[in-house]
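Visitor: Hello! I have a protein in front of me and some questions about how its parts fit together. Could you walk me through it?

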Amino acid sequence: MFAENLRMPFSSLALGEVIGAGGFGTVYVAFHQEHGEVAYKEFGNSARPRMEEIRMSKLEHRNIIRLLGIVDEIGHCGIVLEYMSMGSLDMVIACTETDLDLGTKLIVTSDVVEAMIYLHSFQPD
C-alpha cells in the first residue's frame, strides 16, 4: 500500500507523554532511534494510513512538518512526524505568554501563505 522506505517498526519508538488527542487518535511525543525526538500519532481502531499521509512524505518545505514514517503492525497503526517542541502554530499564536510583535506576526503570516501556495501547487507523482 505504501512505500517500504516509510515503514517503521513500533519497537523503534519510545513513547513519552500524550501531547494531543482527537477523533482520529492520540499524539505522543516519542523518541526514535534514528530521528531523535518525534511526534507519533496512533490512529484509532478504524483508521489506517491513507494516501494523504503517504503523499505527505513527498512534501519538502521548510514550513511544513515532515512525515518520517508509518507504523502498520498488529496492535499499532500510526504515523511518525517531525516534532515541534513549541507546539502547533495556533497554540503559539494563542498563548498569552508569547507577546508577538507586529513584525513577527507579519513574518508568520508570510510563512503560512508561502506554505499554502506550495501545498496548492504541489503535484504528487
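**A walk along the chain**

Guide: Gladly, and let us begin at a turn: strand 2 and strand 3 form a hairpin, with 3 residues between them. Please keep in mind that this is a predicted model.

Visitor: In what order do the helices and strands of the protein run from the N terminus on?

Guide: There are 3 helices and 5 strands to place in the protein. Starting at the N terminus, the order of the elements is β-β-β-α-β-β-α-α.

Visitor: How many bridges join strand 2 to strand 3?

Guide: These two strands form the hairpin we began with, which has 3 residues between them. One pairing to look for is Phe31, which stands opposite Glu37 in strand 3. Strand 2 covers residues 25-32 and strand 3 covers residues 36-43; they run antiparallel, and the number of bridges joining them is 8.

Visitor: And which residue in strand 2 does Ala21 stand opposite?

Guide: Strand 1 and strand 2 are also connected by a hairpin, here through 2 residues. The two strands run antiparallel and are joined by 7 bridges. In strand 2, the residue opposite Ala21 is Thr26.

Visitor: Is Ser12 buried or exposed?

Guide: Ser12 is found in the segment before strand 1 (13-22). Leaving out residues up to four places away in sequence, Ser12 touches Phe31, His32 and Gln33. Buried means under 20% relative accessible area. Ser12 has a relative accessible area of 5%, so Ser12 is buried.

Visitor: Which side chain does the side chain of Ser12 join in a polar contact of 3.2 Å?

Guide: Phe31, His32 and Gln33 are the residues that Ser12 touches when those up to four places away in sequence are not counted. The polar contact of 3.2 Å joins the side chain of Ser12 to that of His32.

Visitor: Let us move along to strand 4. How many of its 7 residues are buried?

Guide: Across the protein, 29% of the 125 residues count as buried. Strand 4 spans residues 67-73 and is mostly covered. Of its 7 residues, the number buried is 5.

Visitor: Which residue in the hairpin of strand 4 and strand 5 takes a positive phi?

Guide: Strand 4 and strand 5 (residues 76-82) run antiparallel, with 6 bridges joining them. One of the pairings is that of Glu73, whose bridge partner in strand 5 is His76. The hairpin has 2 residues between the strands, and the residue with a positive phi near 90° is Gly75.

**Charged pairs**

Visitor: Which residues do salt bridges with shared partners join into one network?

Guide: The count of salt bridges comes to 3. Asp111 forms one with Arg62, the closest N and O atoms being 3.2 Å apart. This pair links distant parts of the chain, with Asp111 in helix 3 and Arg62 in the loop between helix 1 (51-56) and strand 4. The side chain of Arg62 also meets that of Glu114 in a salt bridge of 3.5 Å, N to O, and the network is made of Arg62, Asp111 and Glu114.

Visitor: How far apart in sequence are the parts that the pair of Arg66 and Glu82 ties together?

Guide: The side chains of Arg66 and Glu82 meet in a salt bridge of 4.0 Å, N to O. Arg66 lies in the loop between helix 1 and strand 4, whereas Glu82 is in strand 5, so the parts tied together are apart in sequence by 16 residues.

**A nonpolar patch**

Visitor: Which helix gives the most to the nonpolar patch?

Guide: The patch lies on the surface, covers about 400 Å² and is made by Leu89, Ile93, Val112, Met116 and Leu119. Helix 2 (89-94) and helix 3 (102-121) each supply at least two of its residues. The one that gives the most, with 3 residues, is helix 3.

Visitor: Last one: what does Leu89 count as at 43% relative accessibility?

Guide: Leu89 is found in helix 2 and is one of the residues that make the nonpolar patch. Exposed means over 50% relative accessible area and buried means under 20%, with partly exposed in between. Leu89 has 43% relative accessibility and therefore counts as partly exposed.

Methods:
Residues are numbered from 1 along each chain as its sequence is written. This is a predicted model: local features need pLDDT of at least 70, side-chain atom pairs count only at pLDDT 80 or more; totals for chains, interfaces and linings use all residues. Side-chain values use heavy atoms; hydrogens and water are left out. Patches are made of residues with over 30% relative accessible area and no salt bridge: like charges are joined within 9 Å, nonpolar side chains (Val, Leu, Ile, Met, Phe, Trp, Tyr) within 5 Å. Accessible areas come from the Shrake-Rupley method with a 1.4 Å probe; for residues, only the protein chains shown count as cover. Helices (H or I, at least four residues) and strands (E, at least two) are DSSP runs, numbered from the N terminus. Buried means under 20% relative accessible area, exposed over 50%, partly exposed in between (1.4 Å probe, protein chains only). A polar contact is a pair of N or O atoms within 3.5 Å; within protein, one must be able to donate a hydrogen and the other to accept it, and residues adjacent in sequence count only if both atoms are side-chain atoms. Contact means heavy atoms within 4.5 Å. Two strands pair if DSSP finds at least two bridges between them.
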